[in-house]
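Please find below my note on the model you asked me to look over. I have kept to points that can be checked directly against the coordinates.

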Amino acid sequence: MLNIKVIYEGTERDLSVPFDSKRTLKDILEDAGMAVSAPCGGMGICGRCMVNVDGKEELACTYVPEKDMTVTVSRRKNDVVKSAPELGELPDVGVPLGLGLALDLGTTTVAAFLYDLQSGKCLGMTGAENAQRRFGADVISRIRYAENDRKMLQLTSLIREQVFDLGMELCAAASTKEKQYGMQDIRYISIAGNTVMQSLFAAITPKPIGEAPFTPISLFGEELVAEPTMYYCPCISGYVGGDITAGILSTGIYEADETVLLMDLGTNCEFALGDRNGFFCVSAPAGPSFGRGAGSDQLHGSEFISLAARFLTEGVIDETGRFYGDKYREKHGEELKKRALKKAVFDAESYMKQLASDIRSLQLAKAAVGGALGTIFRESGISADDVKRVYVAGGFGSFLDPESAFTLGLFPEAFRGKVVMTGNSAGEGACLALRQENREILKKIAGICTYRELSGSKVFDEEYIEAMCFGQPEE
């Protein structure tokens, strides 16, 4: 038997497991109920399941324990959670209203905000990597996993348990000597997320979203009266969810007199183009390049964008996405030497091969964004030049360097000087939805949004090909 001491989020547990030369540390930890993120499906290439084994970093999905050990598992907090709006004092209804919990259920991360419902004051905010990520990095993977009720309810339990933990954390942090808060004090929960995430939280199968015509069982937008009462932001389609209507609310663009564009960039990218009279919406999958931890260095996706832009400027990659190893060695030889010194085993050729693969993945993500933008402009009759403001949202968008995006051609030149980085607009929208009048506005927003499915669209296919190359297109 192997004795494994596990330090998991500050709590120590002792495991006694039989030795098995084929069982990885990830399998052992997950069998014991401890979540280990592995967006690559346990292939050992994403680096997200890194744990500390007796002082040395190891990949849990490839490491097979052969002796007694101490393992430390650290799940990263969501640094997208930076600010929350003040809701303003609510009308006096004669009794204390208790607390409200606003949730941004992202595919990659979950953010939670605790409010005093009477004063409208935010009492705290927190977040963490989505506990479902070990079942896939994107919504398609989650849909495929939730193929039957048992697996679907497993995902539901995971996200609900995580929300409960985040709520308990916030209540404990907000407590004082005079007033102790607990989950029983939370009377209202507002939820914003993509349609798949909202469905899973509500214990509704997302299976129809993965099959043509991609129609979800529910588009939400209603309250579920319970204890506490829950409100789900309205969705537009299977792939344009409550995170977009919440973003339209929080940015205030539902009142825009001029043409604006909301781009929510992540593993799935959603776009809403229009003004106060209506919005034309599309979505396109970008994959892990726009998620957290993308790239060979386990960088944020936004940091990898900056790295790729630098490579393009240096000639390490060209506009077709080809990676030139000799150029990389010329420009980054010292970096390779430092990496070799830091790691007992380091293969420069394998590292550069992985970099080249990551660049290709980024290229496909860039083409998906370009294809979606090209389609939305062609089919709406609005040009990029007509857009007066471009709001970039999402965890990825919170860190993106706009200049790098222009260098790679992720943003067209027509957007220069128009880009506004909005941060977590879905989270802010979820917070605003704690107020009744804002829930009425969300209902109106959903009513003026039109969705265009890109699957099978010849226009999208054409625009996707056109957007494949890095850099700005020639005039």
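The numbered points below cover conventions, strands, helices, cores and cysteines.

1. This is a predicted model, in which local features need pLDDT of at least 70 and side-chain atom pairs count only at pLDDT 80 or more, while totals for chains, interfaces and linings use all residues. Residues are numbered from 1 along each chain as its sequence is written, and side-chain values use heavy atoms, with hydrogens and water left out.

2. Helices (H or I, at least four residues) and strands (E, at least two) are DSSP runs numbered from the N terminus, and two strands pair if DSSP finds at least two bridges between them. Strand E6 (residues 99–105) runs antiparallel to E7 through seven bridges, with Asp104 opposite Ala111 in E7, and a hairpin of three residues links E6 to E7. On strand E8 (residues 122–129), which also pairs with E7 in the antiparallel sense over seven bridges, Gly124 is the bridge partner of Leu114. The E7–E8 hairpin has five residues between its strands, and Gly120 in that turn has a positive phi of about 75°.

3. Strand E7 (residues 109–116) is largely enclosed by the rest of the structure, because seven of its eight residues are buried (under 20% relative accessible area, where exposed is over 50% and partly exposed lies in between, with a 1.4 Å probe and protein chains only).

4. Helix H8 (residues 348–380) has 33 residues, which should span 48 Å at 1.5 Å a residue, and its end C-alpha atoms are indeed 48 Å apart; the expected span is 1.5 Å times one less than the number of residues. Asp347 caps the N-terminal end of H8, with a side-chain oxygen 3.0 Å from the backbone nitrogen of Glu349, and after H8 comes Gly381, whose phi is positive, near 80°.

5. The largest nonpolar core (buried Ala, Val, Leu, Ile, Met, Phe, Trp, Tyr and Cys residues joined through side-chain atoms within 4.5 Å) has 50 residues, and those with the most contacts inside it are Met263, Phe271, Phe411 and Phe415. H8 gives the most to this core, with 13 residues. Leaving aside neighbours within four places in sequence, Phe411 is in contact (heavy atoms within 4.5 Å) with residues including Met263, Val392, Phe406 and Gln472.

6. How many disulfides does a search of the whole structure find? The search finds zero, a disulfide being a pair of cysteine sulfur atoms within 2.5 Å. Cys269 counts as buried, at 1% relative accessibility, whereas Cys469 is partly exposed, at 38%.

Note on methods. A polar contact is a pair of N or O atoms within 3.5 Å; within protein, one must be able to donate a hydrogen and the other to accept it, and residues adjacent in sequence count only if both atoms are side-chain atoms.
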